[in-house]
Amino acid sequence: MTESMLAVRGLTKHYPITEGLLKREVGRVRAVDGVSFSLNRGETLGVVGESGCGKSTVASLLVGLESPTGGDLRFDGEDVTDFSEAERRRFRREVGIVFQDPGGSLDPRLSVGRSVAEPLVVHGIGDRESRRERAADLFERVGLEREDVDRYPHELSGGQKQRAAL
């Protein structure tokens with residue numbers, strides 16, 4: 001039997017509630033408490049629930065934006081929570097979140113193409129022109145026009161924003 005691409009067991013995230021000058025902990029908010037699932041290559045997982053139930057927190061934990069309070073989180077058999085900074089950067093190149101509101105993924109001050117190319121800047125991939133070309137190629141792959149790289153989020157429809165966010 002092959003190992004799951006993503007295996008999550010007993011994932012928890014608790015936030016401390018503090019008070020006073022010394023920030024003494026007086027309680028904890030249990031945002032995520034005991035989430036478990038596994039995902040094989042080629043499978044898709046949808047996380048559904050009411051507002052405030054911890055869906056976004058689970059996503060943040062999965063991609064390493066936050067550290068879990070407890071539980072086991074493995075990607076391709078490796079414990080994501082034990083990654084060094086270099087391993088975390090490598091991992092973030094392989095995973096990402098698609099937000100429900102595409103507008104929230106795009107910086108209104110930047111062209112859509114610059115927003116899409118931003119991860120390439122963060123990871124030191126290519127120069128400005130090669131990143132622009134890569135963004136234009138990606139736009140074509142999701143059904144947008146190459147010229148859309150120069151447009152701003154407010155100039156795109158909701159569907160175009162969603163494709164740009166992908």
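In which strand is valine 29 found? In this predicted model, valine 29 belongs to strand β2, which covers residues 24-39. That residue makes a convenient doorway into the structure, and the description below returns to it after a look at the whole chain.

The protein chain contains five helices and four strands. Read from the N terminus, its elements follow the order β-β-α-β-β-α-α-α-α. Along the principal axes, the C-alpha atoms occupy a box of roughly 55 × 50 × 30 Å. Of the 166 residues in the chain, 29% are buried.

The strands come next. Strands of a sheet pair through backbone hydrogen bonds, either parallel or antiparallel. Here, four strands make up an open sheet with antiparallel pairing, arranged in the order β2-β1-β3-β4. At its edges are β2 and β4 (78-79), each of which pairs on one side only. Twelve bridges join β1 to β2 in the antiparallel sense. Within this pairing, glutamate 19 has arginine 24 of β2 as its bridge partner. Strand β1, made of residues 6-19, also pairs with β3 in the antiparallel sense, over five bridges. Threonine 12 stands opposite glycine 70 of β3.

The turn of the β1 and β2 hairpin is worth a visit. Four residues lie between the two strands, and glycine 20 adopts a positive phi near 80° in this hairpin. Lysine 23 is found in the loop between β1 and β2. Its phi is positive too, at about 55°, although lysine 23 is not a glycine. With a relative accessibility of 58%, lysine 23 counts as exposed, because the cut-off for that class is over 50%. A further positive phi in a residue other than glycine occurs at aspartate 76, where the value is near 50°. Aspartate 76 sits in the loop between β3 and β4, and its relative accessibility of 37% makes it partly exposed.

Back on strand β2, valine 29 has a relative accessible area of 44% and is therefore partly exposed. Together with Ile17 and Val26, Val29 makes a nonpolar surface patch of about 220 Å². Residues enter such a patch only with over 30% relative accessible area, a condition that valine 29 meets at 44%.

The aromatic residues offer a contrasting picture. How many aromatic pairs does a search of the whole structure find? The search returns two. In one of them, phenylalanine 75 and phenylalanine 91 meet edge-to-face, with 5.1 Å from centre to centre and 75° between the planes. Phenylalanine 75 is part of strand β3 (residues 70-75) and phenylalanine 91 is part of helix α2 (residues 85-94), so this pair ties together parts that lie 16 residues apart in sequence. Another pair joins phenylalanine 83 and phenylalanine 91: the ring centres are 5.7 Å apart and the planes stand at 70°, so this contact is edge-to-face as well. Phe75, Phe83 and Phe91 thus form one aromatic cluster.

Are the rings of this cluster buried or exposed? Phenylalanine 75 is buried, with a relative accessible area of 10%. Phenylalanine 91 has a relative accessibility of 2% and counts as buried, and phenylalanine 83 is buried too. These assignments hold because buried means under 20% relative accessible area. The cluster also has a charged neighbour: arginine 90 lies over the face of phenylalanine 83, 5.6 Å from the ring centre.

Further along the chain, helix α4 spans residues 128-141 and includes alanine 135. Alanine 135 has a relative accessible area of 2% and is buried. Between alanine 135 and aspartate 148 there are 9.7 Å in space, C-alpha to C-alpha, and the two are 13 residues apart in sequence.

Notes. Residues are numbered from 1 along each chain as its sequence is written. This is a predicted model: local features need pLDDT of at least 70, side-chain atom pairs count only at pLDDT 80 or more; totals for chains, interfaces and linings use all residues. Side-chain values use heavy atoms; hydrogens and water are left out. Patches are made of residues with over 30% relative accessible area and no salt bridge: like charges are joined within 9 Å, nonpolar side chains (Val, Leu, Ile, Met, Phe, Trp, Tyr) within 5 Å. Accessible areas come from the Shrake-Rupley method with a 1.4 Å probe; for residues, only the protein chains shown count as cover. A salt bridge is a side-chain nitrogen of Lys or Arg within 4 Å of a carboxyl oxygen of Asp or Glu. Buried means under 20% relative accessible area, exposed over 50%, partly exposed in between (1.4 Å probe, protein chains only). Rings of Phe, Tyr and Trp (its six-membered ring) pair if their centres lie within 6.5 Å; planes under 30 degrees apart count as stacked, over 60 as edge-to-face and the rest as tilted. A charge sits over a ring if NZ of Lys or CZ of Arg is within 6 Å of the ring centre and within 35 degrees of the ring normal. Two strands pair if DSSP finds at least two bridges between them.
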